[in-house]
Structure formats: C-alpha cells, structure tokens
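This report looks at two kinds of side-chain contact, aromatic pairs and salt bridges, in a predicted model. Please keep the structure in view while reading.

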Amino acid sequence: AYNFSQIFIDEHFQGKGYGKIATGLVLGCMRKEHRYDKVVLCYIEGNEAARKLYEGFGFVENEQDEDEIIMELGL
C-alpha cells in the first residue's frame, strides 16, 4: 500500500482548498503509477478538517491506534 503521510498546510493558508488540491494531485499520481492497490494514512483523533477531507476522497476508517485514526482507500 502507499503510505500517504505528513501533508501540512500553514495555518495562514488553511480553509482555502489547498489541502484538497494537494491531496487530489498526490492521489492522481498514485493512481497513474498504480504500483499498489490501496493508500493508507492516519490523522490525529479530533482533527475534523482532516477527517472530512479524507472522507471526501473516499477514505474509510480502518482502525485506531492510541490517538491516531487509520484510514485506507482502494485504488
């Protein structure tokens, strides 16, 4: 699986759609390369903006590890 991790948008630029654009571009590259059949990521529990972003791309919660929610997306 691809491991999608550590994408950060500076707080001054949050809420402008840059995270959505960046995530879409990265996922598009992964689909084009098609080296693996799924993408795995995690976010900190309580980060609703991250949850909504990832769910919008079709990620589903897979498990929880302490304070991290692990999600995956089939490609």
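## Salt bridges within a helix

R51 has a relative accessibility of 21%, and because buried would require a value under 20%, this residue counts as partly exposed. The side chain of R51 meets that of E48 in a salt bridge, with a distance of 2.6 Å from N to O. Both residues belong to helix α2, where they are three residues apart, or about one turn of the helix. E48 is likewise partly exposed, at a relative accessibility of 38%.

R51 also forms a salt bridge with E55, and here the closest N and O atoms are 2.7 Å apart. Since R51 and E55 are four residues apart in helix α2, about one helical turn separates them. E55 has a relative accessible area of 40% and is therefore partly exposed. Through salt bridges that share partners, E48, R51 and E55 are joined into one network.

## A salt bridge between strands

The model has three salt bridges by the rule applied here. One of them is formed by K38 and E72, whose closest N and O atoms are 3.6 Å apart. This pair links distant parts of the chain, for K38 lies in strand β2 and E72 lies in strand β4 (residues 68-74), 34 residues apart. K38 is partly exposed, with a relative accessible area of 31%, and E72 is partly exposed as well, with a value of 23%.

## Aromatic pairs

To describe a pair of aromatic rings, one gives the distance of the centres and the angle of the planes. The count of aromatic pairs in this model comes to five. In one of them, the ring centres of Y43 and Y54 are 6.4 Å apart and the planes stand at 45°, so the pair is tilted, an angle under 30 degrees being needed for stacked and one over 60 for edge-to-face. This pair, too, links distant parts of the chain, with Y43 in strand β2 (residues 38-44) and Y54 in helix α2 (residues 48-56), 11 residues apart. Both Y43 and Y54 are buried.

Y54 also pairs with F59, and this aromatic pair is edge-to-face, with 5.8 Å from centre to centre and 65° between the planes. Y54 counts as buried because its relative accessibility is 8%, and F59 counts as buried because its relative accessibility is 2%. Together, F4, Y43, Y54 and F59 form one aromatic cluster.

Key
Residues numbered from 1 in each chain as written. Predicted model: local features only at pLDDT ≥ 70, side-chain atom pairs only at ≥ 80, totals over all residues. Heavy atoms only, no water. Phe/Tyr/Trp six-rings, centres within 6.5 Å; stacked < 30°, edge-to-face > 60°. Helix = DSSP H or I, 4+ residues; strand = E, 2+ residues; numbered from the N terminus. Buried < 20%, exposed > 50% of the residue type's maximum accessible area, 1.4 Å probe, protein only. Salt bridge = Lys/Arg side-chain N within 4 Å of Asp/Glu carboxyl O.
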